[in-house]
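Subject: Handover of the two-chain model

Dear colleague,

I am passing on the structure we spoke about, and I would be glad if you could look through it alongside the notes below. Please open it first and keep it beside you as you read.

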Amino acid sequence: MTPRTWDIVGKRRWGYAFSLLLIIPGVIALIVNSAAGRGALDWGVDFTGGNFFQLQMERSFTTGQVRAVTDRFATGQSVIQKAEQELLIRTRPLTPAAKSGLLAALRQQFGEVTVLREDEVGPKIGRELRNVAIIGVLIGLALQVLYVSYRFKSVRYAMAADIALLHDLLVVVGIFAITRKEVNTAFVAVLLTVVGYSINDTIVVFDRIRENLAMRGREAFDRLVNRSLLEAMVRSINTVLTTIMAIGAIYVFGGTTVRDFAFGLMAGITVGAYSSVFNASAVLVDWHQWAERRGRRSRPQAPAESAVAPETTAPPATNNTPRRRRPRRR
Amino acid sequence: MRARLGVRLVIIFILGLAAIQVAFRPLSFVGRMPVFGSPALRMNLGLDLKGGSLLVLEGQDTPTSQATPEAVDAAMRVIEKRIDQLGVVEPTIQRQGLKRIIVELPGIQDPERALRLIGKTALLEFVDTGAQSLPEGAHWSADGKTVVLPERPGAPQPPGQTGATRSLPLAKKVILTGADLESAQAGFDQNSAEPIVHFKFRGKAAKTFEDYTGANVGKYLTIVLDNEVISSPVIRDRIPGGSGQISGGFRVIEEARDLAVLLRGGSLPIPVEVVENRTVGPQLGRDSIDKSLRASSVALLAVGLFMALYYGLPGLMAVFALSIYLLALLALLSGLGATLTLPGIAGIVLSIGMAVDANVIIFEKVKEELRAGKSLRAAIAAGWTRATTTILDSNVTTLIATGVLFLLGSGPIRGFAVTLSIGVLTSMFTAIIVTRAFVDAAAAAGLGPQLARLAGRIAR
C-alpha cells in the first residue's frame, strides 16, 4: 500500500460532473449550430459535395477580399480561411467555367497563385461518401460492442465500457462542433480510431479489476476497483503521454493538411484514457452497489443487521466476476 | 520460448538486416556481383505525397446513347490514348462499378489541362451550314435543330448568366466527323502566324471531303466541337487530298495542341462528367514529405527520451526494440507493396505511441512481480506471460477499427488503416519477442541491479 491513497472511486461523482462539463458545451454547440442554420457540424466537401482549394498566395490578402471574389462565382455560403500565406476556400459545387473563372479572378487580383491542393466532389459522390461513413461508424461501433460483450461475458462490464465509449464519441464530436473544424472522411478515421483506443484502455483497466477479483480477499468492491485503478494508472498515463507526444509532433510539424486529423486523435485519445479511469470503472461500482441495494430490498426476511452490514459480507465473488459461466449450447 | 538467448539475439540481428535490405535495398545484385548503392526508402507513395490527380469520371446517358459498360470501356480506351499524350509516368485507369472510370495521374504538373483534355467529349463535326456563317462560340441545341448565338460574337459567356440570347433555326447537317480523321497536328499558319490544327482525312473520307468542297464553293463549312462552333470558313475551292486546317478560336498554340491531342485520341462515345477530383500539387507533396519526416523524427525522439528517462535501462532497451520495430514496419510495408499516404504516416507515428504501450504494460507487470518479492528472472518471465494476454487482447480493438476503415475507406484513409494495423501487429511482435531478448541479455550480462531499479522507482 502506498502511503497516500488517492480515492478515485469515492470521488466518482466529481468524475461524472467533469464529464458532463465536457459533454454539455458540445451538445449546446450542436444545437445552436443547427438552430443557426449552418449545420450541426461543419460538413466538408467530402460529404456535401463541392470544391475545396488550398492555395499558396504570393501577395498579402485578407479573407474579406477573397470572399468578395469568391461570391462572384460560388453560390451559397463559402468557407474562407487564412493560414499565413495559405488560403483555404470551400464552396458549393462549381461548374468548370466558374472554377476556372474563380482561379483567374484570384490571379488577377492577387498575382501569383499556386494550387497546392484541390478537391472536387460531386453532390452524388458526397452522398455516397456520407452513407459509407455512417455505415462504417455503425459497423465499427457494433463490432466493438460485440467484442467487448464477448470479451467480458458480462453485461455489466460491457455496458460500462460502452458508456465510456459513448462519452468519448460525444466529447470528440462536441469539440468539432465548438471549434467548427471540418468534418470529412479523415474525421471518420478519427472516430473509429478513438473508439478502438478507448475500448483498449478500458479493457486494460477492467482486466486489472478482474485479476484482482480472482484473488480477492475481504476487500470491498469499490476499494478493490480503486486499488485496480491506481495500479493501472501508471500505464494509462504513460501510454497517453507517449501517444500524445507522437501524434502531437504530427500536429505541430505535420502541416495544414493533417493538422485537424492529428487534433482529433489527440483529443479522442486523451478523453478515452480519462473516461476509462474515471467513468467506466465508476459506472461499474455504481451498478454493483445499486444491484446490491436492490438485492437486499428483495429479501424482506433478511435480518436487520445485514442492511448495514459492511460490504465484505456481500454476495460471493462469483456474482461480480465476469467469468461467471453460463450454459452454452454448441 | 526457452530458446537459447544467443540464438534469439542472432535471429533478431538477421531479421534486422533483412528488414534494412527489404526497405532500403542498399545491396543489389548485377548478375552475381553484389553492388552497394546508397540506401533509399523503397516505398510506393500515394498521390497526396508525390503530387498528382485522382479523377473519377462517370459516363452520362444522353437521348441518343446509353452509358452501357461497353460504351464506358470504349471511353476508357480513348481516355487512355489522351493520357498517353500528356506524358504522365505510370498512370492508372480502371473501371469502377458500371459507369465510373478512376484515373490516377501521379506527378502531373498541370492538372487543369489534364482535366480539360480528359473530360472533353471531343466530337468534331464538319457541318454544312449553306450560306450561313456562324460566329465562334455559337452552339447547337441538344436536338441539333437550332443554333444559339453568343451575345457578342467571340466573347465567352459569363458563367451563370443567360441574358438575352438570339437563336436561329438551323438543322445540323453533318458531312464528316473527327472519326474520319487520319491525323491531326498543331502548327502555325504560314501567312498569319496564327495557331492552327492541320488535319488529314483517311481514304474514303478524303474523297467525300474533296467532292463536297468541289460542289459547294462559296458556301460555309462550319467546324463544330462538342456542339460549339470553332470556326466557320468559306469554301474557296475544291480541296483535294483530304487535308485541311482549322484556324480561329485558338488564342495560344497550346490550345491548338490540345485540340490536336483530342482529335488524335478520338472522341468519347458517351459524354463523361468529372464527379470527383482530388489533386495535390507537386509543391505540397514534397512539402508534406519533408514535414512528416520531421514530425516523425521529433515523435520518435520525444518518445525515446521519455522511455529512457522514466524506465532507465529497460526503457532504453525498449527504444532499441522500437527502432527494430520501425525497421520491420517499413520493410513489411515496402515488401507488401503498400502505398504510403499522409494519413498513413500519421498511422505509423500513432503506432509508435501504441508500440510503447505494449512495453509499458510489460514493465508495469514486471515491476509488480518484483515488488511481490520474486527474483529478477522469475519476475521477468512472469511479467511477460501476464502481459502477453493483455497486449494481444487490447490490440484487437484497434484492429477492428482499422479493418472497417480499410474495407470502407479509400485512398489516403485506407493508407492510414494499413500502416496502423501492420504497425499494431508488428509492435506486438517486437515488444513480446525483441524487448524480451534484450532484457534477458541484460540480465545475463549482470545488469540485474540496473534492471531492478524498475521496482525501486515505486518503492521510493
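What follows is a description of the domains, the shared sheet, the contact between the chains, the cores and a few single residues.

Please bear in mind throughout that this is a predicted model.

Domains

The assignment for chain A gives domain 1, made of 12–35 + 126–294, and domain 2, which covers 50–120, and the C-alpha centres of these two domains of chain A lie 38 Å apart. For chain B the assignment gives domain 1 as 12–28 + 35–43 + 281–459 and domain 2 as 52–154 + 166–279, with 56 Å between the C-alpha centres of domain 1 and domain 2 of chain B.

The sheet

Strands from both chains enter an open sheet of eight strands with antiparallel pairing, whose order is S3(A)-S4(A)-S2(A)-S5(A)-S17(B)-S4(B)-S6(B)-S5(B). At its edges stand strand S3 (79–83) of chain A and strand S5 (92–96) of chain B, each of which has a single partner strand, so that one side of each is left without a neighbour in the sheet. From one strand to the next the twist averages 20°.

The two chains meet in this sheet where strand S5 (residues 113–121) of chain A and strand S17 (residues 272–280) of chain B run antiparallel and are joined by five bridges. Along this pairing, A:Glu118 stands opposite B:Thr279, while A:Glu120 has B:Asn277 in S17(B) as its bridge partner.

Two helices of chain B pack on the sheet. Helix H3 (residues 69–84) of chain B touches strand S4 (52–59), S5, strand S6 (100–106) and S17 of chain B, and its direction makes about 165° with that of S5(B). Helix H4 (residues 111–119) of chain B touches S4, S6 and S17 of chain B, and its direction makes about 160° with that of S17(B).

At the chain B edge, S5(B) and S6(B) run antiparallel and are joined by five bridges, one of the pairs being B:Ile93 with its bridge partner B:Val103 in S6(B). These two strands form a hairpin with three residues between them, and B:Gly97 in the turn has a positive phi of about 65°. Of the five residues of S5(B) the number buried is zero, so this strand lies largely in the open.

Contact between the chains

The contact takes 58 residues from chain A and 52 residues from chain B. On the side of chain A that touches chain B, the elements that give two or more residues are helix H4 (96–110), S5, helix H5 (123–152), helix H7 (185–214), helix H8 (221–253) and helix H9 (256–297) of chain A. The residues of that side of chain A divide into 32 nonpolar, 18 polar and eight charged.

Cores

The largest nonpolar core has 132 residues, and those with the most contacts inside it are A:Ala161, A:Ile250 and B:Val349. Helix H9 (residues 342–371) of chain B gives the most to this core, with 17 residues. Not counting residues up to four places away in sequence, B:Val349 touches A:Ala246, A:Ile247, A:Ala249, A:Ile250, B:Ala295, B:Ser296 and B:Ala299. Apart from this core lies another, of 73 residues, and A:Ile89, B:Met76, B:Ile83 and B:Val261 are among them.

Two residues to look at

A:Ile89 has its place in strand S4 (residues 86–91) of chain A. A:Ile89 is buried because 22 other C-beta atoms lie within 10 Å, the cut-off for a buried residue being 20 or more. Leaving aside neighbours within four places in sequence, A:Ile89 is in contact with A:Phe53, A:Val66, A:Thr70, A:Ser78 and A:Ile80. Of these partners, A:Ser78 is 11 residues from A:Ile89 along the chain, and their C-alpha atoms are separated by 7.1 Å.

A:Leu229 lies in helix H8 of chain A and counts as buried because of its 23 C-beta neighbours inside 10 Å. Leaving aside neighbours within four places in sequence, A:Leu229 is in contact with A:Ile8, A:Val205, A:Val277 and A:Ser281. A:Leu229 and A:Leu169 are 60 residues apart in sequence, and 22 Å apart in space from C-alpha to C-alpha.

With best regards

How values were computed. Residues numbered from 1 in each chain as written. Chains lettered and ligands numbered in written order. Predicted model: local features only at pLDDT ≥ 70, side-chain atom pairs only at ≥ 80, totals over all residues. Domains from an automatic or database assignment. Pairing = 2+ DSSP bridges. Helix = DSSP H or I, 4+ residues; strand = E, 2+ residues; numbered from the N terminus. Axes fitted to C-alpha atoms, helices over the stretch in contact; angles between N-to-C directions. Contact = placed C-beta atoms within 7 Å. Core = buried A, V, L, I, M, F, W, Y, C linked by C-beta atoms within 7 Å. Buried ≥ 20, exposed ≤ 12 C-beta atoms within 10 Å, placed from the backbone. Nonpolar A, V, L, I, M, F, W, Y, C, P; charged D, E, K, R; others polar.
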